[in-house]
Amino acid sequence: MFAYGQLTRQGGSDARRWVYALINLKTTGLHPERGSRICEVAVVRMRGDGEVLDEYATLVDPNIRITNDEFHGITNADVKGAPRFEHIAGDLLAYLGGAIVVGHNLEFFEKFLVAEFGRLGVPFNGVPGLCTLVAARTQFDRYGYRFENVHQLLTGSWPVGEQGALGTARGVGHMLAELVANPPQPLFWRGPSPVRLPELPRQGVIAPRVLGMRKGAEGWLSNLVACLPRTQTPPPPRPEALPEYRSLLEFALSDGKVVGEEAQNLAVLATRAGLTQLTAQYVHEDTLAQARQRAEADGVVTAAELKELRAAAKNLGAVHIIQDLQEAVTAHRPQNRTLKGWRLLPVGEAPGMEQLLDYALANGATVAKNLTKTVRLVVAETDGSDPRLAQARAANLPVMTVDEARKVLEAEAMAATAPGVFSGSQGRDVADRLAAESTPAYPEWHEFWRPRQLTETEYRQRFVDPFRRDQSVGTAPSRPSARPHPSATPRGGSGCAVFLLASTGVGVLLAEVAVRMPT
């Protein structure tokens, strides 16, 4: 299926100019020739400069019982109602076509894709393929080449939480973008150009799995949306499942806050409804818009209703839906709060009184009508006969003329904006300089860059030959071999490999062998 190319220092085309289709699969086992099937697939289309163009992800009903859910978290209940491979084949071909297909252990994915498309009578060859496992081994001299290790090396962070197919495909994209953008020596693509793939009817049925949700600064619902694929032309949600999602969403919003359990339940329903980022955002915004219509039905939005709408808008990340309502409420609120806490009692209509009150209100002060404990300043002509003046003096409250009050308020406003006693401007300069000194001149992963990339012979001697096992023994199959492909000749067999744990004792034994693998 794949004609393997490679990222090389030895010349070729600019790797940044190509479009890449980053693929990841979750499967029911390791061996498609023994009946293992695909149970989740994700593709992220990305330019070589790191810009994501499109995303696609869905659970897949493998039509067999899943017995290895401890490795990927997908259960038989999860795939109930998900599309089968024949239902997504047309969409998958469209997302893989016209791009260099990239995977971490692409050979493993190739076996499953060949088997699945073979069942549909859709054989094809010559698709350009790039394995990031081979690329990492060829270019880096560092122990540990599993996806998690390479991701941490190139991006500086470990993959967060449980990784589904979409999360892993995105992670491979981050790795590839960094590797192409910032290598110590330029890397070139040496391999075939993208090809057009066979076309099958596109049914547009998906069931994206939501994994790795956390509340974060943006809240549960915003994080739920971020975990869904960012599909540019999304299929419509499933009409039979969408009403349940809407109902649970409104229930979760009814008390003004969304908790983790509610978010997890919404994630399950989002999968069943086939939501993507765009369709989920539309549903969330439409839910808020309908709530606003109900609030406005009687012609008045009460303070309690506005409070509910604000809380829902914040949870849904859709403040723009009620922006005009909030603007109407806050139109006359002062933007400058330097006199916050000051309450003035004007007595009489002395010249300049109106201008003084305008100044006070514009800076956050409030105006009282009666003498209360919250009044801090009484403004009047000092010889006035109003009984409130006598009460103010008896309470030791200051009574000032308009001019006197103006000077006091201006001084207070100026003091509120003055720098504090520890606001030395040189401190920021020192902090900025230290930050610049601690920032390395080049990425840390450059330290592990091989002085020269491995040749095919060196690669085979280090990563393939030591792990060959005699297939005639009749024991468990050997760890898949991995070799670089400097040519663009389409090949079968091994293009790359990574160790995958099996759900048997043999898998545990192979895991220990992989841990001891030399670099």
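Mentor: Contact here means heavy atoms within 4.5 Å, and helices are DSSP runs (H or I, at least four residues), numbered from the N terminus. It's a predicted model: local features need pLDDT of at least 70, side-chain atom pairs count only at pLDDT 80 or more, and totals for chains, interfaces and linings use all residues. Residues are numbered from 1 along each chain as its sequence is written, and side-chain values use heavy atoms, leaving out hydrogens and water.

Trainee: Which residues of H8 meet H11?

Mentor: Leu221, Val225 and Ala226 in H8 meet Gln277, Ala280, Gln281 and His284 in H11. By class, that contact has four nonpolar, three polar and no charged residues; Ala, Val and Leu are among those counted as nonpolar, while Asp, Glu, Lys and Arg count as charged and the others outside the nonpolar list as polar.

Trainee: Why is H8 called roughly antiparallel to H11?

Mentor: H8 (residues 220–227) and H11 (residues 277–296) pack at about 150 degrees, with axes 8 Å apart. Roughly antiparallel needs an angle over 145 degrees, so H8 gets that label against H11.

Trainee: What makes Phe140 and Trp449 an edge-to-face aromatic pair?

Mentor: Ring centres must lie within 6.5 Å, and planes over 60 degrees apart count as edge-to-face. Phe140 and Trp449 sit 5.8 Å centre to centre, with 70 degrees between the planes, so they qualify.

Trainee: Why does Trp449 count as buried or exposed?

Mentor: Buried means under 20% relative accessible area (1.4 Å probe, protein chains only). Trp449 comes in at 10%, so Trp449 is buried, and Phe140, at 1%, is buried as well.

Key. Axes fitted to C-alpha atoms, helices over the stretch in contact; angles between N-to-C directions. Helix = DSSP H or I, 4+ residues; strand = E, 2+ residues; numbered from the N terminus. Parallel < 35°, antiparallel > 145°, perpendicular 65-115°, else oblique. Phe/Tyr/Trp six-rings, centres within 6.5 Å; stacked < 30°, edge-to-face > 60°. Buried < 20%, exposed > 50% of the residue type's maximum accessible area, 1.4 Å probe, protein only.
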